[in-house]
Amino acid sequence: MSNILLKGGIVVSPKGLKKADVLISGEKIVAVGRGLRADAQVVDVGKKLLFPGFIDAHTHFDLEVSDTVTADDFESGTVSAIAGGVTTVVDFATQNKGERLSDALNNWHVKAFGKSSCDYAFHMAISDWNDDVRCELEAMFEQGVSSFKVYMIYDAMQLSDRAILELMCELKQYGGIVGCHCENAGIIGKLRGDALARGNTAPAFHPQTRPSYTEAEAIRRFLTIAKAADAPVIVVHLSTAEGYEEILRARKNGVRVFAETCPQYLLLDDSVYTKPFDEAAKYVCSPPLRKRSDQKALWDALRRGALDTISTDHCSFTADQKRAGAEDFTRIPNGMPGVETRAVLMYTYGVKKKRITLPQMAAYLSENPARLYGMYPKKGAIKAGSDADIVVYEPNGFRTITAASCHSACGANPYEGVRYQGGVETVYLRGTAVYHAGELLRPHIGRYVLRGKPML
Ligand code: URP
Ligand code: ZN
Ligand code: ZN
């Protein structure tokens with residue numbers, strides 16, 4: 001078994017920073033402490049930051065949506081992940097209407113197996129709630145799926161309030177959790193129809209037809225359903241100050257609500273939608289980008305520890321795919337890449353701008369998603385017994401994000417030209433150096449992570 005000793009780094013955890021050596025044996029971390037000695041390959045990581053491998057708990061690879069398929073599959077998506085220090089993704093296995101959950105899960109295993117360069121797990125997105133699906137839930141847990149996503153919007157995916165309530169109640173016996181895409185389908189559907197009827201077909205009408213209150217209303221309703229079920233829940237990709245207020249209100253009412261936001265809602269705003277079509281379409285995602293005041297509220301929430309995870313909702317399309325909506329903004333496939341740039345953006349615009357601390361960065365990108373999604377302490381920690389998933393982060397120097405230097409197959413980047421500080425230098429995945437100095441060293445060694453219950 002090969003031993004590696006990372007010497008002199010600064011280990012970052014939610015508890016703080018600690019100068020410590022890390023000894024890896026095979027796939028595991030076996031010791032963390034000062035002055036470690038061992039018969040091992042010694043790697044000098046002096047003055048570098050050591051993060052637990054980042055987890056992106058919200059990706060969509062190889063997803064069929066809007067009559068097309070995401071540009072990134074598990075091949076390109078997970079290379080992009082590794083280059084961004086992400087050692088585990090939790091992708092959304094997605095049930096088509098009428099499909100068995102076991103078939104949906106199997107589809108996702110086929111998509112990921114042998115192609116994945118980082119470890120991977122699956123949530124199950126449920127689009128059809130019925131007795132057969134109810135009976136399949138136990139088997140999902142046995143196969144490592146302990147979190148379920150529901151949508152309050154999208155014709156192909158939307159569940160009724162009652163179906164969401166029944167799912168929450170059913171999951172309680174297994175200790176599972178429901179995450180929700182919260183947008184009010186009725187209002188948005190009407191606003192979009194009205195816009196098109198008036199000839200308003202440009203991307204600028206995407207945010208205008210999904211106003212903040214449509215997210216806030218849906219969050220309030222989702223959390224009311226959670227109250228009725230007395231079940232813990234997750235609001236995914238929170239984008240608005242108004243929605244955040246609803247989360248605070250529900251918590252005061254005793255609802256156990258966890259919340260995720262994404263870098264695009266912290267760093268980008270809706271002014272991009274007035275750019276020429278190709279540029280504006282890059283940013284069409286749902287919920288849409290919001291106002292600077294929303295960004296501020298979300299950063300404040302992160303600073304106070306009132307949110308739980310920062311994921312990316314990586315869902316990428318090429319410029320050609322986005323052009324399906326050139327004459328009708330409602331046909332633009334929704335989503336943007338993000339898995340590769342999250343860590344450098346959060347380090348540069350979160351930590352270095354003093355909006356969050358380094359320990360918070362480790363919490364939001366590593367430990368919290370590991371706990372919430374039933375992978376801790378195998379994942380999300382640098383401690384003896386954990387998988388040796390480690391990001392060696394060089395804290396100094398400046399570089400610029402470009403699509404050309406990133407690994408997404410979509411050929412575009414929402415942060416094109418944005419400067420960032422430091423960078424992911426080396427990535428260890430279960431003890432193997434899979435990435436170093438811009439080079440992917442070992443592709444396709446990603447493995448499925450059999451998750452347990454969320455640690456709530
Ligand atoms: O626009 C987005 N976010 N696309 C991905 C699917 C989703 O709603 O999470
Ligand atoms: Zn969503
Ligand atoms: Zn998503």
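A donor of a metal ion is here an N, O or S atom within 2.8 Å of the metal, and because water is not among the atoms, a metal site may look incomplete. With this meaning in place, the report describes a predicted model and turns to its metal ions and to ligand 1.

**The two zinc ions**

The zinc ion (ligand 3) and the zinc ion (ligand 2) are separated by 3.6 Å. The protein donors of each ion are listed below.

| Metal ion | Protein donors | Distance from the ion |
|---|---|---|
| zinc ion (ligand 3) | H58 (NE2), H60 (NE2), D313 (OD) | 2.0 to 2.2 Å |
| zinc ion (ligand 2) | K149 (NZ), H181 (ND1), H237 (NE2) | 2.1 to 2.5 Å |

Along the chain, the donors of the zinc ion (ligand 3) are spaced as H-x1-H-x252-D. For the zinc ion (ligand 2), the corresponding spacing is K-x31-H-x55-H.

Why is the arrangement around the zinc ion (ligand 3) tetrahedral? The 4 donor atoms around this ion subtend angles of 87 to 133 degrees. Four donors count as tetrahedral if all angles lie between 85 and 135 degrees, and the arrangement is therefore tetrahedral.

**The site of ligand 1**

The space taken by ligand 1 is the largest pocket. The shell around ligand 1 is made up of 4 nonpolar, 7 polar and 2 charged residues. Which of the 13 residues around ligand 1 come nearest? They are K149, H181, S286, D313 and N334. Among these, K149 and H181 also serve as donors of the zinc ion (ligand 2), while D313 is a donor of the zinc ion (ligand 3).

Several side chains lie at polar distances from ligand 1. In D313, a polar side-chain atom is 2.5 Å from a nitrogen atom of ligand 1. A polar side-chain atom of H60, which is another donor of the zinc ion (ligand 3), lies 3.2 Å from an oxygen atom of ligand 1. The side chain of Y154 likewise places an N or O atom 3.2 Å from an oxygen atom of ligand 1. Taken alone, ligand 1 exposes 270 Å², and the protein buries 95% of that area.

**Summary**

D313 and H60 thus appear in both parts of this account: each is a protein donor of the zinc ion (ligand 3), D313 has a polar side-chain atom 2.5 Å from a nitrogen atom of ligand 1, and H60 has one 3.2 Å from an oxygen atom of ligand 1.

Methods:
Residues numbered from 1 in each chain as written. Chains lettered and ligands numbered in written order. Predicted model: local features only at pLDDT ≥ 70, side-chain atom pairs only at ≥ 80, totals over all residues. Heavy atoms only, no water. Near = heavy atom within 4 Å. Polar contact = N/O pair within 3.5 Å; in protein donor to acceptor, adjacent residues only side chain to side chain. Areas by Shrake-Rupley, 256 points an atom, 1.4 Å probe, with all protein chains shown as cover. 1 Å grid on protein atoms, 1.4 Å probe; cavity = no way out; pocket = protein on both sides within 12 Å on 5 of 7 lines; lining within 4 Å. Sits in = over half its atoms within 2 Å of the grid points. Nonpolar A, V, L, I, M, F, W, Y, C, P; charged D, E, K, R; others polar. Donors = N, O, S within 2.8 Å, 3.2 Å for Na, K, Ca; no water. Tetrahedral: all angles 85-135°; square planar, octahedral: opposite > 155°, others 65-115°.
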